[in-house]
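Trainee: Could we take a close look at a single part of this model, taking the backbone and the packing around it together? I would value one connected account rather than a list.

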Amino acid sequence: MHVVKNFYEAIEGRRSIYGISKETVISDEKIQEAVEHAVKYTPSAFNSQSARVVVLLGEQHDKLWNITKETLRKIVPKGAFSSTEEKMNAFQVGYGTVLFFEDQEVIEQLEQKFALYKENFKVWSEQSTGMLQLVVWTSLELEGYGATLQHYNPLIDEEVKKEWGVPATWKLTAQMPFGKPTAVPNEKEFQSLEARVKVYK
C-alpha cells in the first residue's frame, strides 16, 4: 500500500466529509486491500479479533441507503422527513459504505473463558471497533476518499442481516459512507490542550 503522508498528517487529514460523489478514486481492489489491512492490524482485547466488516460498493451501497431511508420513513414524522431524506441521499451519492460489526459469539466465549474480566469484554469490544473505524477512515482519507461515521443501528440491523446474509451473532456498530470529496470541511476549533492533557515527570 502506497502511503504518501506521515502518521501525524494522516490523523490531521481525517475529517467528516459530507460532500461526496460516486467518482472513482482508486480501484475496488485497493479499497478491499485498505480495509483488510485495517482489520488485520487493528488491536483487539486478548487478540480476540472480534471485528467483522462488510464493504458495499455500487448498487449494493445504494441499496443500503434505500433500506435506511425506508426504515426511517416509517418512524420520522411526515413533515420532518424531507431533511432526513436529503441526508440519506447525500450518503447514497457516495461510492461505497463500510459496515462495522463485532461478533458477539467471540465476546461471549471470552466472557466464559475469562470470567474475572466478564464485565469488561463488551466495553473492550466497543473500544476495538472504535479503533478500527479510525484506521479505516484514515486509510480511506489517505487514498483520496472522504467519509463520515453514521449510526443507524439498531434500526436497520435486521434488514441488513437479511439482505447481505450477515450472521446473527454479528452486531452492527457503525456505517461509513465514503466517496470522492466534493466539499472542503469547515475549519475545526480546538479546545486548549492544557486542559485536556496532563504530563508528570
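Mentor: A residue counts as exposed when its relative accessible area is over 50%, as buried when that area is under 20%, and as partly exposed in between. With that cut-off in hand, and keeping in mind that this is a predicted model, consider the loop between α2 and β2, where Gln-49 is found. At 53% relative accessibility, Gln-49 counts as exposed, and its phi is near 50°, a positive value in a residue other than glycine. Phe-46 also has its place in the loop between α2 and β2; its phi is near 60°, again positive and again in a residue that is not glycine, while its relative accessible area of 41% makes Phe-46 partly exposed.

Turning to the helix that borders this loop, α2 covers residues 28–41, and its axis comes within 9 Å of the axis of α6, residues 121–142, the two crossing at roughly 150°. Since angles over 145 degrees count as roughly antiparallel, α2 and α6 are therefore roughly antiparallel to each other, and their crossing is right-handed. On the α2 side the contact is made by Ala-34, Val-35, Ala-38 and Val-39, which meet Leu-132, Val-135, Val-136 and Ser-139 in α6. Sorted by class, this contact between α2 and α6 holds seven nonpolar residues, one polar residue and no charged residues.

Definitions and conventions: Residues numbered from 1 in each chain as written. Predicted model: local features only at pLDDT ≥ 70, side-chain atom pairs only at ≥ 80, totals over all residues. Heavy atoms only, no water. Axes fitted to C-alpha atoms, helices over the stretch in contact; angles between N-to-C directions. Helix = DSSP H or I, 4+ residues; strand = E, 2+ residues; numbered from the N terminus. Parallel < 35°, antiparallel > 145°, perpendicular 65-115°, else oblique. Left-handed = near helix turned anticlockwise from the far one by under 90°. Contact = heavy atoms within 4.5 Å. Nonpolar A, V, L, I, M, F, W, Y, C, P; charged D, E, K, R; others polar. Buried < 20%, exposed > 50% of the residue type's maximum accessible area, 1.4 Å probe, protein only.
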